[in-house]
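Got the viewer open? Here's a stop-by-stop tour: what to select next, and what you'll find there.

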Amino acid sequence: MSNESRAVKPMGGRGHGGMPNIKGAGAKAPMKTLKRLLGYAFSRYKVATAFVVLFVLLSSGTAAIGASFFAPIIKELLGASPNMNYIYQNIIIIGCIYLVGALSSFTYNRIMMYIAQGTLKKMRDEMFAKMQKLPLKYFDTHTHGDTMSLYTNDVDTMRQLLSQTIPQLISSFLTVIVIFTFMVYYSFLLTLVILVCLAGMIFSIKNIGSQSAKYFLKQQEALGKLNGYVEEMVEGQKVIKVFCHEQKAREQFKVLNDELNESSRKANGAAFVLGPISNNLGYIQYVLVAVIGLVLIATNNSTVLLSGFLAGDLTVAACAGMLVSFLAYSRQFNMPIQQVTQQFNSIVMALAGAERIFEMVDTQPEDEGGDITLTYGEHEEGKWAWKKPVGVGADFEYIPLKGDIRFEDVVFGYNEDKVILKNISLYAKPGQKIAFVGSTGAGKTTITNLINRFYDIQSGTITYDGLDIKSINKDDLRRSLGVVLQDTHLFTGSVMDNIRYGRLNATDEECIAAAKLANAHSFIKHLPEKYDTLITGDGANLSQGQRQLLAIARAMVSECPVLILDEATSSIDTRTEKLIEKGMDKLMEGRTVFVIAHRLSTVRNSQAIMVLEHGEIIERGNHEQLIEQKGKYYQLYTGAFELE
C-alpha cells in the first residue's frame with residue numbers, strides 16, 4: 001500500500017485490517033480484572049505490601065484513638081471544677097497520636113508510590129515484550145494510535161489507581177472497621193442511625209455508578225481511535241495539503257472528537273454527581289445523629305443513648321462528652337466512604353484501561369514454529385546449515401542451506417471467506433532470481449509474506465531446502481531472509497546504526513562496504529556527520545530515495561542466503577538504479593532472490609518471471625520466453641497494457 005493511500009485513509013489499520021477491532025461497551029468482568037490487577041501489583045512486593053497494611057492500620061487506629069480522648073476532655077470541662085492540667089495533658093496526647101497517624105499515612109503513601117512505579121515498569125516491559133511476539137494480524141486490526149494509547153493513557157490510569165486509589169481504598173476499609181467498632185462500643189442506637197443513612201448512600205452510589213461504568217471503556221476506546229487518527233494525519237500532512245484534504249480531515253476529526261466528548265461526558269457526568277450526593281448525605285447524617293443524641297440527653301434517656309463502658313456514668317457531662325466523640329467518629333466513618341465515591345471514576349477508568357491492557361497481553365502470541373534452527377559455521381566453517389533434531393535424543397542432522405524454495409498448491413486468504421492466492425505452485429532453485437509482476441493486489445507481496453511466515457497458508461506446502469517451513473523456528477527462518485520493503489522504515493540513531501540493523505555484529509568497514517555496494521556511500525559522505533549523522537523522525541532529514549538506499553545497504557550487510565526485494569528500487573531514479581544494478585548483481589551471486597517490481601527493466605535478467613493476476617500465476621518463463629508468448633507480460637513490456 002502506498003504512503004499516500006495510507007495517509008488520508010480515515011481510520012484504517014495497515015494492510016487488510018480496516019477499522020480497529022474494538023470490543024465491548026463496558027468492563028465485562030470488573031471484579032475479575034481488579035483481582036488480577038491487585039495480584040499483578042502486589043505479588044512481587046509482599047514485604048512492602050505488609051508494611052503498607054501495618055502503617056494503614058496504625059493510621060486508622062490513631063484516628064480512632066485520638067477521637068476517644070474528646071469524651072474525657074469534654075466531661076472534665078463541663079465538671080464543677082475542671083482540672084486544666086489533665087485537659088492539657090490529654091490535648092498533648094491527642095497531638096502526639098495524630099502526629100503518629102500523619103507519619104504513618106506519609107510512609108504508606110511513599111511505599112505505595114514505590115510499588116506503583118515498579119508495577120507500571122513491569123507492565124510496560126511485559127507489554128512491549130508481548131508486542132514483539134504478536135502476529136502481524138494484530139497490527140493489521142489495531143491502529144498504531146490505539147496501540148500507543150495502551151502505553152500512555154491506559155497505563156496512566158493504572159498509575160493513578162495504584163499510587164492513589166488503592167492506598168485510599170485500603171485505608172478506608174480499615175478505617176471503617178476500626179471506627180465502626182468504636183461507634184458500637186459508644187452507642188449502639190446512633191450506630192444504627194448511621195447504618196440506615198449508609199444504606200441510602202450505597203443505594204445511590206450503586207445506581208449512579210452503574211450508569212457511568214459502561215461509558216468509561218467507550219471513553220478509553222474512543223481516545224485510542226482519536227490518537228490513531230491524529231497520528232495518521234500528522235504522518236500524511238504533506239499529502240493532505242497537496243490534495244487540499246484539510247476540510248475533510250477536520251470533518252473526520254470532529255466526528256471522532258465528538259464521539260470521545262460524548263462518551264467522556266456521559267462517563268464523568270454521572271461519576272462527578274456521586275461526590276456532592278455523598279457529601280450532602282453525610283451532612284444530613286451528622287445533623288441527624290447530633291439531634292437524636294441531644295434529644296435523648298435532654299429528655300434524660302441516656303440509658304437508651306449509651307452503651308459500653310460509659311453506660312454506668314449518666315451525668316450530662318459524660319453524655320455530652322460521649323456525643324462529641326461519637327460525632328467525630330461519624331465524620332471519620334463517612335469520610336472514607338466519601339473519598340471512595342470521589343475515586344469512583346478513577347477506579348472505573350483504571351479497570352477499563354487494565355481490561356484493554358490485559359486483552360493485549362492475553363492475545364495469542366505468534367507461533368514460534370518448529371524445532372529446526374539455523375547455524376553458521378557449526379557444521380562447516382563459513383557455511384549456513386539447518387540443524388534438525390533426530391529422534392528423541394541429542395542427535396542432530398545438518399542440512400546445508402542452499403536457498404531452494406518451493407510452493408506446492410498453496411491457497412491463502414487473510415480471511416477464510418476471501419481467498420487471495422489460488423493453487424500457487426512455483427520453485428526457486430539456489431542462486432536463481434525469481435521475479436513477480438502484475439497489477440496491484442494480484443498477490444505479489446503476499447507470496448513473499450508467506451515465505452517468512454508473516455501469515456500461514458490455508459492449504460498446500462512451502463518447503464525450504466526440502467523442509468516444510470512450519471517445522472523451522474520462525475526466528476531462524478527470518479534470519480535467513482534479507483528483506484527490502486517498499487515502505488522504508490528507519491530508526492532513531494546514526495546512519496551507521498541503521499545499516500548495522502541488518503546484522504548487529506557487523507563492523508564499520510562491513511557497513512561502509514554494504515553502503516558502497518548499494519550506492520549509498522556517495523550521499524552519506526556529504527551528510528554533516530557522514531556515517532555518524534543522526535536520523536530522526538523515520539528519516540525525515542533524508543529523501544525517499546536516500547532512505548531506500550539505506551534499506552538496501554541494511555539488507556546487503558545482513559549476508560542472508562535469500563533476498564526479498566519488494567519494490568526495492570521504487571523510490572530510486574533511473575540513473576541511480578543503473579548504478580546499483582551491478583552491485584545488486586554481485587550481492588545476488590549465490591543467493592536466491594525474489595523480486596517484486598513495477599519497472600520491468602529491473603527483472604529482465606531474472607531466471608524466471610511470474611505474471612500474477614487475481615491471485616493466480618497466468619504466465620511464467622524468462623524474459624525472452626514471455627516476449628515470444630506475446631501474452632500479458634508482452635503487453636506490459638511493450639506498453640500495450642499498463643500496470644494498475
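Helices here are DSSP runs of H or I with at least four residues, numbered from the N terminus. With that in mind, select helix α7, residues 144–186, and look for V184 in that helix. V184 is partly exposed, because its relative accessible area is 29%. Now add F326 to the selection: it sits 142 residues from V184 along the chain, yet their C-alpha atoms are separated by 9.7 Å.

Before going further, color by confidence, as this is a predicted model. The average pLDDT for the chain is 75, and 80% of the residues score at least 70. Go easy on residues 1–26, where pLDDT stays under 50. The model does give that stretch 69 contacts beyond four places in sequence.

Next, the surface. Select L77, M84, Y88 and I91, which together make a nonpolar patch of about 380 Å². Which helix gives the most to it? That's helix α5, residues 84–133, with three residues. I91 is in helix α5, and it counts as partly exposed because its relative accessibility is 47%.

On to the charged pairs. The structure holds 11 salt bridges. Start with D362 and R36, whose side chains meet at 2.7 Å, N to O. This pair ties together distant parts of the chain, 326 residues apart: D362 is in the loop between α13 (344–361) and β1 (373–376), while R36 is in helix α2 (residues 30–42). D362 is partly exposed at 48% relative accessible area, and R36 is partly exposed too, at 36%.

For a local pair, go to helix α15, residues 474–479, and show D476 with R479. Their closest N and O atoms are 2.8 Å apart in a salt bridge. Since the two are three residues apart in the helix, about one helical turn separates them. Is D476 buried or exposed? It is buried, with a relative accessible area of 8%, whereas R479 is partly exposed at 45%.

Then pick E510 and R503, another salt bridge, at 3.2 Å from N to O. Here E510 is partly exposed at 31% and R503 is buried at 17%. While you're in this numbering range, show D497, R500 and D508, which are linked in a network of salt bridges.

Now select helix α19, residues 544–557. Its 14 residues should span 20 Å at 1.5 Å a residue, and the end C-alpha atoms are indeed 20 Å apart, so the two agree. How many of its residues are buried? The count is 12 of 14, so read α19 as mostly covered; among the buried ones are G545, R547, L549 and M556. Just after α19, E559 takes a positive phi of about 60°.

Two more residues have a positive phi without being glycine. N423, at about 50°, is in strand β5, residues 421–428, and is exposed at 55% relative accessibility. H614, at about 55°, is in the loop between β14 (608–613) and β15 (616–621), and is exposed at 59%.

Last stop: V595 in strand β13, residues 592–596. V595 is buried, because its relative accessibility is 7%. Leaving out residues up to four places away in sequence, show what V595 touches: K433, I434, A435, F436, L565 and V603. Finally, select E567, 28 residues from V595 along the chain, and check the C-alpha separation of 7.4 Å.

Terms used:
Residues numbered from 1 in each chain as written. Heavy atoms only, no water. Patch = residues over 30% accessible without salt bridge, like charges linked within 9 Å, V, L, I, M, F, W, Y side chains within 5 Å. Areas by Shrake-Rupley, 256 points an atom, 1.4 Å probe, with all protein chains shown as cover. Salt bridge = Lys/Arg side-chain N within 4 Å of Asp/Glu carboxyl O. Buried < 20%, exposed > 50% of the residue type's maximum accessible area, 1.4 Å probe, protein only. pLDDT = per-residue confidence, 0-100. Contact = heavy atoms within 4.5 Å. Expected span 1.5 Å × (residues − 1).
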